[in-house]
Amino acid sequence: MKKVILTGLRPTGNLHLGHYFGACQNYLKMQTEGYDFYLEIADVQALTDNFNNPEKVRKNVYEITKDLLSIGLDPDKVHIFIQSQIKEIAELTVFYSNLVTISRLQRNPTVKTELTQKKDLFGNKGESITYGFLGYPVSQAADITVFDGELVPVGDDQLPLLEQCREIVRKFNSIYGDTLKEPQQVLSNTTRVKGLDGNEKMGKSLGNAIYLIDDEATITKKIMSALTDKNKIKKDDPANPEVCMVYYYHKLVNSQENITKVCSECQKGSRGCVQCKKELIAAMNDFLHPFKEKRKYYDENPDLVKTILTTGTASAQIKATKQIKKIKQAMKIDY
Ligand code: ATP
Ligand code: MG
């Protein structure tokens, strides 16, 4: 039996550098390694904090699929599917909701961080936090286990959610008998990509991201306003590259030779920030160019994208149907 990989992305916006380096590089590697690989476009999870904007979620289901295909994800090797179309996930979420306490969800570090970031949406005192948002880690446990997922490639912001999933699995197995597997994370070399503003996480919902589809004018604007060493006032002041976001992105997309040069010239004060930013803009454009070229093909063939999603969803359905049967038997609700 091939090991199962399950991972997901929320259709809340296009792919950015955080996705690419934090998660997608592992997808690209693992798709060649002979796993049974399910990639979920998590539209139900996206609706937990975008319930009042269904058009945005629907549009981004197609956007994110096109982004994934343009970085080289191969639909012959990976089942790309739409979460809302697999009703067993919703069913399982209801079953699991008995196995987790409200206080445990409130203590989940990922939920806590995201709540702080979403203050405006949910109100400062949090009275308007929805049941659905608080419960999304439960639904994520259903996403993984309904496919019998064993390996989950993710960025490190997701680790508390995986721990929550393992707790649910242990609780389920202890009550209903040994049925579910405990999934393990697979982290990439860059476990978390920082935002343009220096925030610890580049995020779609944080407005601090460089998207793979950004055009050259947008990239120029974003990089020109990226955070640099605030102690460097004049062009020839020596500075600390380790606190500069421009150097940080040079390290992601530039050659080793150029990275070494940028670092030493910055420390010596022989390079100004404007020159450094211009060089990064050029390197970033070179890095993103092949993705944009490939994406044009999918933009011109929207029916192909829909077919890829329909086919992937059909494969996911076969797996979920089998697994829910096993789960319902264990829970003695297999009438
Ligand atoms: P949202 O803000 O809507 O939650 P997001 O940018 O966090 O969007 P997700 O769809 O939630 O994106 O995450 C998809 C995957 O990408 C997850 O595995 C997540 O860990 C990873 N990821 C997202 N942002 C980063 C980042 N800045 N660094 C590393 N990995 C990331
Ligand atoms: Mg997220």
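This is a short conversation about reading two domains and a bound ligand in a predicted model.

Reader: Hello! Into which domains is the chain divided?

Author: Welcome! Domain 1 takes in 4-194 + 302-330, while domain 2 covers 216-295. Their C-alpha centres lie 33 Å apart.

Reader: How many residues of each domain are in contact with the other?

Author: On the side of domain 1 there are 15 residues, and they are in contact with eleven residues of domain 2.

Reader: And how is the size of an interface often given?

Author: A common choice is the accessible area lost when the parts come together. Here, domain 1 and domain 2 bury about 1,100 Å² between them. Carbon and sulfur atoms account for 65% of that area. In domain 1, the residues that lose the most area to domain 2 are Leu-17, Ser-70 and Lys-194, which together make up 49% of what that side buries.

Reader: How should I read the charged and polar pairs between the domains?

Author: For a salt bridge, look for a side-chain nitrogen of Lys or Arg within 4 Å of a carboxyl oxygen of Asp or Glu. The count between domain 1 and domain 2 is two. You can also find the side chains of Arg-295 and Asp-67, which meet in a salt bridge at 2.5 Å, N to O. As for polar contacts, five residue pairs are found across the interface of the two domains.

Reader: Which helix gives the most to the side of domain 1 that touches domain 2?

Author: Helix 3 does, with five residues. Helix 1 (17-30) and helix 3 (54-70) each supply at least two residues of that side. Sorted by class, the side of domain 1 that touches domain 2 has six nonpolar, four polar and five charged residues.

Reader: Now the ligand, please. How many residues surround ligand 1?

Author: There are 21, and the closest are Thr-12, Asp-157, Val-193, Lys-201 and Met-202. To read the polar side of this site, follow the oxygen atoms of the ligand. One oxygen atom of ligand 1 is 2.8 Å from an N or O atom in the side chain of Thr-12. With Arg-10, the partner is a polar backbone atom, 2.8 Å from an oxygen atom of ligand 1. Lys-204 also uses its backbone, with an N or O atom 3.0 Å from an oxygen atom of ligand 1.

Methods
Residues are numbered from 1 along each chain as its sequence is written. Chains are lettered from A and ligands numbered from 1 in the order in which they are written. This is a predicted model: local features need pLDDT of at least 70, side-chain atom pairs count only at pLDDT 80 or more; totals for chains, interfaces and linings use all residues. Side-chain values use heavy atoms; hydrogens and water are left out. Domain bounds come from an automatic or database domain assignment. Contact means heavy atoms within 4.5 Å. Buried area is the accessible area (1.4 Å probe) that two parts lose on being put together, summed over both. A polar contact is a pair of N or O atoms within 3.5 Å; within protein, one must be able to donate a hydrogen and the other to accept it, and residues adjacent in sequence count only if both atoms are side-chain atoms. Helices (H or I, at least four residues) and strands (E, at least two) are DSSP runs, numbered from the N terminus. Ala, Val, Leu, Ile, Met, Phe, Trp, Tyr, Cys and Pro count as nonpolar, Asp, Glu, Lys and Arg as charged, and the others, Gly among them, as polar. A residue is near a molecule or strand if one of its heavy atoms lies within 4 Å of it.
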